[in-house]
Amino acid sequence: MQVTICGGGNAAHALAGLIAAREDWAVNVYAPYGNEARRWRQGIEARGGIAAITPNGTLVGRPTRVSANPADVVPGSRLVLLALPAFAHEFTLRGIAAHLDGRAWVGAFPARGGFDWCAAEVLASTGGEEPSTNGKHSAAVFGLQTLPWACRLTAYGQTVEILGTKAAVDVAARPTRLASEVASLLSAPLGLRLEPVANFLGLTLANTGQLIHPGIMYGLFYDWDAQPYDEAPFFYQSVDAEVARVLQQLSDEVQDVRAELERAYPDLDLSAVRPLDEWARRAYAGDIADPSTLQSCFATNRSYTGLRAPMRSTDAGLVPDFKARYLAEDVPFGLAVTRGIAELAGVSTPMMDQVIVWAQKRLDKQYLADGRLQGRDVPQTRAPQRYGFEDLDQVCQMPIHEKTR
Ligand code: NAD
């Protein structure tokens, strides 16, 4: 089976190492960003393949073709996998759209919020068989709730370290039935249990990165006094009672949205939208020394040990990097999406609002204006408002309809 991996960062290398190591899979890489295609090729040539170093041993996979030109690597692929931050999804989907085979499945690692809406818009012209939310036809798509591993690229085109693998990750698909096929096809190569869920809406609300990353950034830095740091603070290990309170409230607000949608649409299955502590215990089973509280689920999680807050160097010392993906990805492609759904549902989200208002200042963006998701940068998010959804029916009817197909 031919697979194309799109991207050139940590996740793309992890996928390439693991999947290309399978004997019966031929793996191509689509790397249009900067000079990454050349760097992939040079690295692969130098080492003979991508070595994925895991705590249980090293797997080496050699991609067959690497190119910045989608025509070289996408046609003929059964799976096209976007192992990318969400802000690169639309650009990448536009690159591959004209080259996809009719039977291709396009997957996002991870989906983050609103991936299905973005894919439906961009891939509408690919002539797949599935009618999308906007009524047009689109290729089959799937998305993972989170990345299966914590991974770090250590030598470009050569080695990637897989620090920890989650026990289970949810997968949603359009059409819905594809989710279980994806789970049986990919669980073994990825080294974990993929679990099919009912719909993408559940995955959008269950995107825990949207809570964890902006929530901890806010908790650590909302009252930062502009004094530089001597060393970067630990990110997850710094979760104290106060930061945990922010995370808990964000999680509770997502549960409020879920409850309201389930009340308004009794046939809508949102069981994938778990409270944050429940998600952490399930995803990191065995990695958490003390699973008793939300705070301890983060502060004592071995997969997070040693990971530090994103910082940048200045002449005066280290300062928080507010433009790093913990805000730049997880607000427009996460929290703002959920906030947009909450607005359509009439659910109030005071902590989300507080975090978004703080983050948008740090990002020099405007998503919330006068308490509504109507700021000038909403068109650069994946909030439902960006796709012209003006009422909850437009967001909730498609997942219900899909369930019965
Ligand atoms: P990364 O920062 O390593 O990815 C960077 C890559 O994205 C670049 O190499 C390039 O190929 C592409 N890219 C960046 N900007 C682009 C642009 N403007 N246009 C086109 N392409 C662009 O990210 P990653 O660590 O591989 O993470 C991928 C996804 O997984 C993200 O959503 C991330 O939040 C999530 N995630 C990662 C980890 C991890 O351990 N790496 C853990 C959990 C979740």
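**A walk around the ligand and beyond**

Let's start at G9, where a backbone N or O atom sits 3.4 Å from an oxygen atom of the ligand. Keep in mind that this is a predicted model, so every distance here is computed from predicted coordinates. The next residue to look at is N10: an N or O atom in its side chain is 2.7 Å from an oxygen atom of the ligand. Then there's E36, whose side chain places an N or O atom 2.5 Å from a ligand oxygen. As for how well wrapped the ligand is, on its own it has 840 Å² of accessible area, and the protein covers 83% of that.

Now zoom out a bit. The space that the ligand takes up is the largest pocket. Two elements, α1 (10-20) and β11 (149-155), each give two or more residues to the shell around the ligand. Which of them gives the largest share of the shell? That's β11, with four residues. In total, 22 residues surround the ligand, and N10, A11, E36, R112 and E329 are the closest. So two of the side chains we just met, N10 and E36, turn up in that closest group. If you sort the shell by residue type, you get 13 nonpolar, four polar and five charged residues.

Next, leave the ligand and have a look at T4, which is part of strand β1 (residues 2-6). Is T4 buried or exposed? It is buried, because its relative accessible area is 0%, and the cut-off for buried is under 20%. What does the side chain of T4 make a polar contact with? The partner is the side chain of S77, at 2.6 Å.

S77 itself is in a loop, the one between α3 (70-73) and β6 (79-82). Its relative accessibility is 1%, so S77 counts as buried too. Seen from this end, the 2.6 Å polar contact links the S77 side chain to the side chain of T4. Put the two ends together and you have a contact between a residue of strand β1 and a residue of the α3-β6 loop, with T4 buried and S77 buried.

One last stop is R274, in the loop between α9 (241-264) and α10 (276-283). R274 counts as partly exposed, because its relative accessibility is 22% and the buried class ends at 20%. For a sense of how the chain runs here, check the C-alpha atoms of R274 and V254: the two residues are 20 apart along the chain, and the atoms are separated by 9.0 Å.

Methods:
Residues are numbered from 1 along each chain as its sequence is written. This is a predicted model: local features need pLDDT of at least 70, side-chain atom pairs count only at pLDDT 80 or more; totals for chains, interfaces and linings use all residues. Side-chain values use heavy atoms; hydrogens and water are left out. A residue is near a molecule or strand if one of its heavy atoms lies within 4 Å of it. A polar contact is a pair of N or O atoms within 3.5 Å; within protein, one must be able to donate a hydrogen and the other to accept it, and residues adjacent in sequence count only if both atoms are side-chain atoms. Accessible areas come from the Shrake-Rupley method with a 1.4 Å probe; for residues, only the protein chains shown count as cover. On a 1 Å grid over the protein atoms alone, a cavity is a set of points where a 1.4 Å probe fits but cannot get out, and a pocket is an open set with protein on both sides within 12 Å along at least five of seven lines; lining residues have an atom within 4 Å of a point. A molecule sits in a cavity or pocket if more than half of its atoms lie within 2 Å of its grid points. Ala, Val, Leu, Ile, Met, Phe, Trp, Tyr, Cys and Pro count as nonpolar, Asp, Glu, Lys and Arg as charged, and the others, Gly among them, as polar. Buried means under 20% relative accessible area, exposed over 50%, partly exposed in between (1.4 Å probe, protein chains only).
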